[in-house]
Amino acid sequence: MSKPAKRFLIARLNHETNTFSPVPTPIEAFAPTYGDEAYRANKGMRTAMAAFIELAQAEGATLVTPVSAMANPSGAVHAAAHDALTQRILDAVPGCDAILLDLHGAMVAENSDDGEGDLLERVRAAAPGVPIGVALDLHGNITEKMVRNADVMVGFKTYPHIDMYETGEHAGRLLLQMWRGEAQYEVIWKQLPLMSHTLRSTTLNGPMRDACERARQLEQQEHLPAVTVFGGFSLADIPAPCVSVVATCRTGAQEVSRAQAIIDRFADDSIWQRRDEFIYRSEPLADSLARAQQLAEGASRPVLLLDHGDNCMSGGTCDTMDVLQTALQLGMEGIAVGPLCDPKAVAQMVAAGEGAQIDIALGNKRSLAHLGMDKRPMSLRGTVRRISDGKYVVSGPIYNGMECHMGRTVLLDIGPAQIVVTEQTHEPWDLGVFHCVGVDPTQARYLLLKSRMYCRPVFVPLSAGLVECDSPGVTTSDYSRFPFGRVQRPVYPLDAM
């Protein structure tokens, strides 16, 4: 028999915080939508919130959608933004019978080291006894407070992330079983003193792929319907930006004890014993580019140069020039670069107009002095080839159909390189980054992208090879550049373990 009250709270609040990033995170960075607009922003999309909406509607529930907000990774969330967005969710809690939250898991605010944990604790206090389900990013930094205040917790099992919707469906399905009284669940976990590198959390290969496959196998057991490996996000100076294994299991002393033993053994055998494989060791930048030159010899397709030391989807400024500068010093030509964020340069080039030759100081505008890096803009002379509004629609598998806005966007031709310069930081999700300014990226000799992983489903198939370039920036894989002061020690690889 169905319950008479069917009022479900469904909300989205996503931010992955790089506490070393100088990129600010005010409320405007989230471009939040509220109420019916939040519903429309997700309905039919590939987000976890979209899956929550469809499950709730199939159940005949009344939906309460107080907010949908997502900001690109950047520095600590402004306190005012954190308070306003979390309060939107809290204000909607009274009278709700089930709560489904699409969160990230690695949000740090100026007034909260544990953004999701503090939110869930307040939601739980406002709704005792109401089932709470959470969908999280694979890079969540899980905490005891998060685990203690959720009944169901499921994270992505892909990176690049292409299973956001499926994760929401998984979490929502289990929560609905609780709401109907068909099952009772609780969340258990095991955290490891391991700060993995983001490039070693890909599920395309390596230890994370194996661990996620093992997690799927464990989920076939009736008492353990959800198991997630969280790679953590280590570019945060908080107590434990570490790898965790989290499971949703059936309640009952015997079931929980058995599930915990399984999770503990899994964490030790599949992750800790392979901890060295979760660490990325970079080569010198000049060596990476020399290797790219070898790949390009005789190639009929471009070689990808991934500048993962300045990736905006990990909090990068998207304006460092090290890779391009080194490539030009090595005599490399036929380089298509995109996108580089420099609003001041965009304004200068727009004022000059298409066809204008211009002398310009490009990039390195955001100070990285707090990391001991002294960078200066690069003096260049080039031609303004194209000015556009920087809009395109994603055609690839990640956020397919989403309209992207890079702000005003200019193509600067300096001879050896064509540089896409934007007003906003932007992940190169798609070919549209280049198409919007009339560049065919398949005709380049080298494609220099400020990206770690998200570009790969689209750009790798059209490339002759891929070279990862670790430049000195706020998303470098060189942990020695970061002044970690709050991380609990010992922790691998900062300490020998």
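How many aromatic pairs does a search of the whole structure find? Hi everyone, the search finds eight. Rings of Phe, Tyr and Trp (its six-membered ring) pair if their centres lie within 6.5 Å, with planes under 30 degrees apart counted as stacked, over 60 as edge-to-face and the rest as tilted.

Before going on, a word on the model. It is a predicted one, where local features need pLDDT of at least 70 and side-chain atom pairs count only at pLDDT 80 or more, while totals for chains, interfaces and linings use all residues. Residues are numbered from 1 along each chain as its sequence is written, and side-chain values use heavy atoms, leaving out hydrogens and water.

Back to the rings. One pair is Phe20 with Phe484, edge-to-face, at 5.2 Å centre to centre and 90 degrees between the planes. Phe20 lies in the loop between β1 and β2 (33-34) and Phe484 in the segment after β20 (465-469), so this pair ties together parts that are 464 residues apart in sequence. Strands here are DSSP runs of E, at least two residues, and helices are runs of H or I, at least four, numbered from the N terminus. Are these two rings buried or exposed? Phe20 is buried, with a relative accessible area of 6%, and Phe484 is buried too, at 14%. Buried means under 20% relative accessible area with a 1.4 Å probe, protein chains only. Phe20 and Phe484 also join Tyr479 and Phe482 in one aromatic cluster.

Now for the empty space. The count comes to four cavities of 30 Å³ or more. A cavity is a set of points on a 1 Å grid over the protein atoms alone where a 1.4 Å probe fits but cannot get out, and lining residues have an atom within 4 Å of a point. Points are joined across faces, edges and corners, and the volume is the space filled by probe spheres set on them.

The largest cavity holds about 320 Å³. Of its 29 lining residues, His104, Asp137, His161, Tyr399 and Tyr454 are the closest to its centre. Two elements, β1 (7-14) and β5 (98-103), give two or more residues to that lining.

The second largest cavity has a volume of about 70 Å³. Its lining includes Asp307, Thr320 and Lys450. Here α10 (322-329) and β12 (335-341) give two or more residues, and the largest share, three residues, comes from α10.

Thanks for listening!

Technical notes:
1 Å grid on protein atoms, 1.4 Å probe; cavity = no way out; pocket = protein on both sides within 12 Å on 5 of 7 lines; lining within 4 Å. Buried < 20%, exposed > 50% of the residue type's maximum accessible area, 1.4 Å probe, protein only.
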